[in-house]
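User: I have a model open and want to go through its helices, core and surface. Can you walk me through it?
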Amino acid sequence: MTTRRHPHHLPARARVLRRATVVGAVLGAVTLAGAATPVLAASPGTVPVAVASAGRAAASATVSVTGTGRASAAPDLAVLSVAVEEQGKTAKEAMEAQNRSAKKLLDALRKQSVEDRDIRTDGLSVSRVYAQSADGESKVSGYVASQSFTAKVRDVDRAGSVIGAVTEAAGNAGRVNGVSFDVADRKGLRSRAREVAYQDAYDKAVQHARLSGHRLGRLVSLSETEGSGGGPGAVPEMPSDAPGVPLAPGEIEEQVTLTAVYELI
């Protein structure tokens, strides 16, 4: 009958040999696992495939392009800047004279079918007028009072007639400081310009992707910069007997600029 001894009853030398055998078996298992899983046992300087894939995804290529779009339309609104100016020996006299001239100007605008909602006072002032005496001393010689208005003419074809009527009614006190043309509602014009700008940016991005050997991916970001064309046109001062003034409204242009960033795949 063979008697099986417990490890604690083995001689010291036998116990050491047994431990060495167990350790060797464990190391062998680890070596085998490393051979079966090369990613975990990669040699120095080698990037694991999974890590490399994540790195490429995080640093995906992009292209940034700018698109510009313009849209134009004939103006349907004329904005007049008109004024009256009167002088007097006293501030009161200057203001009273200015009031009479301003009333004539406003009456002329209303007779030309310019509505009250489209007439606005922009400024009112009274200032001293100085004259230099024979001994070189400046003294107050009188006062000048003025009032300026903005008037919107919603029938552009009648803008010249309105200017003529205003200068005739106000006489030498009348002033025409300028006229500008516009579109009453710019939303539709801007929308058209925006569509053109977006298509322009997209077409550029597609071309860049093709030239670089990529395909165009998702839109990463999009920003818009506003801009517009058209502006006030100066009209010189005219005598009180000036007829209807010929004007050239031209076209009103709206411009939109977009900056788009696309992913390249």
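Analyst: First a term: helices here are DSSP runs of H or I with at least four residues, numbered from the N terminus. In that numbering, Val 206 sits in helix H5. Bear in mind that this is a predicted model.

User: Is Val 206 buried, exposed or partly exposed, and why?
Analyst: Partly exposed, because its relative accessibility is 35%, and the partly exposed class runs between 20% and 50%.

User: Which residues make the nonpolar surface patch with it?
Analyst: Val 206 is joined there by Tyr 198, Tyr 202, Leu 219 and Leu 222, and the patch covers about 410 Å². Helix H5 (187-211) and strand E6 (216-228) each give two or more residues to the patch. H5 gives the most, with three.

User: Switching to H3. How many residues, and what does it reach?
Analyst: H3 covers residues 91-111, which is 21 residues, and reaches 30 Å from first to last C-alpha, close to the 30 Å expected. Just after H3, Ser 113 has a positive phi of about 65°.

User: What covers its buried residues?
Analyst: The cover includes strands E2 (77-88), E3 (119-132) and E4 (138-153), plus helix H4 (159-170). Among the buried residues of H3 are Ala 94, Leu 105 and Leu 109.

User: And the largest nonpolar core, which residues touch the most other members?
Analyst: Leu 80, Val 82, Leu 105, Leu 109, Val 114, Phe 149 and Val 162, out of 31 residues. H4 gives the largest share of this core, five residues. Apart from this core lies another of eight residues, including Ala 201 and Tyr 262.

Definitions and conventions:
Residues numbered from 1 in each chain as written. Predicted model: local features only at pLDDT ≥ 70, side-chain atom pairs only at ≥ 80, totals over all residues. Heavy atoms only, no water. Expected span 1.5 Å × (residues − 1). Buried < 20%, exposed > 50% of the residue type's maximum accessible area, 1.4 Å probe, protein only. Contact = heavy atoms within 4.5 Å. Patch = residues over 30% accessible without salt bridge, like charges linked within 9 Å, V, L, I, M, F, W, Y side chains within 5 Å. Areas by Shrake-Rupley, 256 points an atom, 1.4 Å probe, with all protein chains shown as cover. Salt bridge = Lys/Arg side-chain N within 4 Å of Asp/Glu carboxyl O. Core = buried A, V, L, I, M, F, W, Y, C linked by side-chain atoms within 4.5 Å.
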